[in-house]
Amino acid sequence: MQREDLISYLERLVLVRFTESERKRIMEEINKILDFFKSLDEIKELDNYEPLFHVHDIEGPTREDEPSHEVELQRSDVMLNAVLEKGYVKAPRTIEE
Amino acid sequence: MSFEIPVKIGLEIHVQITALKTKLFCATKADYRSEEPNTLLCPTCLGLPGALPKVNKKAIEYAIMVAKALNCRIAPKLIFCRKHYFYPDMVKNYQISQYDGPGSTPIASNGFVRIIVDGKPKIVRIRRINLEEDPGRIHYPTGSLLTSKYSLVDYNRSGIALLEIVTEPDIESPREARIFLEKLIAILEYLGVTDTRLEGAFRVDANISVADQARVEIKNIGSIKDVERALTYEILRQKSIIQKGGTVSRETRHWDSSSKVTVPLRIKEFEEDYRYFPDPDLPPITISKEWIEEIEKRMPELPDARIERFVKQYGLDEYRAQVLVLNKWLADLFEEAAKEYNNYKSLADWLITDFLRWVKEFNVDPSRVKATPKHIVKLLKLLDEGLISVRMAKELMPKIVLEGVDVESFVKQHGFSKLSDESELRRVVEEVFREYPRAVEDARRNPKAINFLVGAVMKKTKGRADPQLTIRIIRELLQSQQ
Ligand SMILES: [Zn+2]
């Protein structure tokens with residue numbers, strides 16, 4: 001993918017639109033990032049390395065399947081920023097013509 | 001219809017782990033079906049900043065059970081990834097799921113399910129199983145997904161533990177898809193993982209390609225019956241395109257269960273790059289051999305093993321054994337009844353044909369069937385002792401299924417027993433002879449015509465007449481009157 005196309009692709013993915021000056025600035029930053037990551041290409045025999053899934057080498061905690069009422073929020077707090085209709089959160093239509 | 005055109009079907013089945021008391025990543029109550037919308041929520045399942053997910057251990061164990069039952073290879077580490085998309089059912093703008101790609105792996109892969117199609121065994125391969133969270137539930141207040149002007153979301157479902165089971169495209173017809181799904185559901189039911197009768201607990205997406213043309217995905221199918229219907233519709237649609245010389249285009253279609261057709265669908269920002277990456281909030285969890293072994297020990301007998309046992313222990317053929325076992329409640333009823341009744345084949349036949357037929361006919365929820373094993377045993381014993389006829393047994397069956405009627409007392413009360421008193425039956429036969437002189441003449445000339453007279457006697461006695469005795473009396477009378 002051309003780097004110019006990459007910017008429009010990313011715009012589409014994250015649902016934002018850049019101005020021309022923003023595009024220029026982001027292009028520069030993206031170039032730096034991509035060049036930095038290029039150093040990964042120099043690593044040989046990648047199969048010899050365990051993939052890193054998490055920056056800390058810790059075991060993920062689990063919990064028992066017991067409900068806790070403490071976790072439930074006051075409904076009014078949660079829904080403060082939502083448009084409600086009969087208790088449901090109102091959202092836009094989900095498909096295009 | 002031509003059968004040479006190859007059909008390839010792959011299924012993606014979403015199953016909620018309804019056996020759990022809490023959601024997958026938080027201690028919020030999971031049983032949302034009878035609750036008011038947006039009442040079972042917490043910062044985690046709403047994806048509020050700063051909230052941390054913590055995995056439900058039971059959910060992992062159920063996933064491992066399913067993986068084992070579907071003969072899968074289980075990953076040594078459980079790794080969760082974020083799958084990003086923008087859609088109102090997902091508050092965080094990403095779903096915590098698993099990724100089958102570079103640097104990541106689903107909880108299980110490379111499994112298979114055995115099915116029997118037209119008496120022949122067949123393997124449907126399982127590509128992978130994901131453990132993931134369910135998104136919220138969207139309602140369409142002003143019509144359907146296609147017509148509604150806006151949508152309403154209930155986030156109670158958001159965060160419910162979900163298994164995504166994906167098959168290889170090994171299925172070759174809509175009927176095979178049904179047989180596979182019936183088997184899969186039976187396995188899940190035996191494991192006690194999910195109650196697939198609950199609304200929304202079982203959802204299917206289907207991939208289908210006809211004549212090696214483009215693959216079409218059908219989304220949002222809610223029942224086995226609808227899977228069969230949607231696939232049948234889609235095969236016809238694609239075949240007619242091909243027959244007209246056209247090509248099938250690769251697309252996603254939506255199954256409209258009310259009009260029973262598939263319609264093309266383009267969902268906003270949906271078929272994009274999901275930008276998967278390991279969820280930094282969820283460090284990997286080791287799935288040790290010891291843990292798997294310990295879970296295996298707790299697993300119940302599964303359908304394949306039970307079918308095999310039914311064949312050995314009760315001398316049933318594989319077909320009967322399978323029909324019983326795939327309806328777990330029926331197999332349980334069979335085994336209870338078999339303790340007190342040892343003509344197993346007859347017992348199996350009555351359950352599979354008449355009993356199951358009425359349950360389906362009346363659309364009775366198997367858990368609400370009033371009949372107990374004792375009822376069935378009593379009926380069959382009365383039949384064996386010649387106290388009721390086969391026809392009467394068939395007539396009593398719906399009463400047993402629906403009302404749990406006690407056959408013995410019912411027969412006593414209603415005089416529903418077989419008419420085998422010779423003198424009484426002889427009177428009825430003589431009556432029939434008087435009413436149908438021409439039929440009597442016919443029967444004298446042609447022995448086969450006797451059936452009409454037997455039928456007339458049955459009608460007069462409302463099916464209570466003992467057929468063998470009736471035939472004997474009719475023959476005697478025919479001879480004596482000659
Ligand atoms: Zn929660």
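Two strands pair if DSSP finds at least two bridges between them; strands are DSSP runs of E with at least two residues, helices are runs of H or I with at least four, and both are numbered from the N terminus. The model is predicted: local features need pLDDT of at least 70, side-chain atom pairs count only at pLDDT 80 or more, and totals for chains, interfaces and linings use all residues. Residues are numbered from 1 along each chain as its sequence is written, chains are lettered from A and ligands numbered from 1 in the order in which they are written, and side-chain values use heavy atoms, with hydrogens and water left out.

**Exercise 1. Describe the pairing and the cover of strand S11 of chain B.**

Step 1. Strand S1 (residues 7-16) of chain B pairs with S11(B) in the antiparallel sense over five bridges. B:His14 has B:Glu164 as its bridge partner in S11(B).

Step 2. Strand S8 (residues 120-133) of chain B is also antiparallel to S11(B), with seven bridges. Here B:Ile126 stands opposite B:Thr167.

Step 3. Seven of the seven residues of S11(B) (residues 161-167) are buried, where buried means under 20% relative accessible area, exposed over 50% and partly exposed in between (1.4 Å probe, protein chains only). One face carries B:Ala161, B:Leu163, B:Ile165 and B:Thr167, the other B:Leu162, B:Glu164 and B:Val166.

**Exercise 2. Place B:Leu70 in the largest nonpolar core.**

Step 1. A nonpolar core is a set of buried Ala, Val, Leu, Ile, Met, Phe, Trp, Tyr and Cys residues joined through side-chain atoms within 4.5 Å. The largest has 69 residues, and B:Leu70 is among those with the most contacts inside it.

Step 2. Leaving aside neighbours within four places in sequence, B:Leu70 is in contact (heavy atoms within 4.5 Å) with residues including B:Phe112, B:Ile126, B:Ile129 and B:Ile165.

Step 3. A second, separate core has 46 residues, including B:Tyr341 and B:Leu382.

**Exercise 3. Find the edges of the sheet S2(A)-S3(A)-S10(B)-S9(B).**

Step 1. The four strands form an open sheet in that order, with antiparallel pairing.

Step 2. S2 (84-85) of chain A and S9 (137-139) of chain B each have a single partner strand, so one side of each is left without a neighbour in the sheet.

Step 3. Two bridges join S2(A) to S3(A) (residues 88-92); A:Glu85 stands opposite A:Tyr88.
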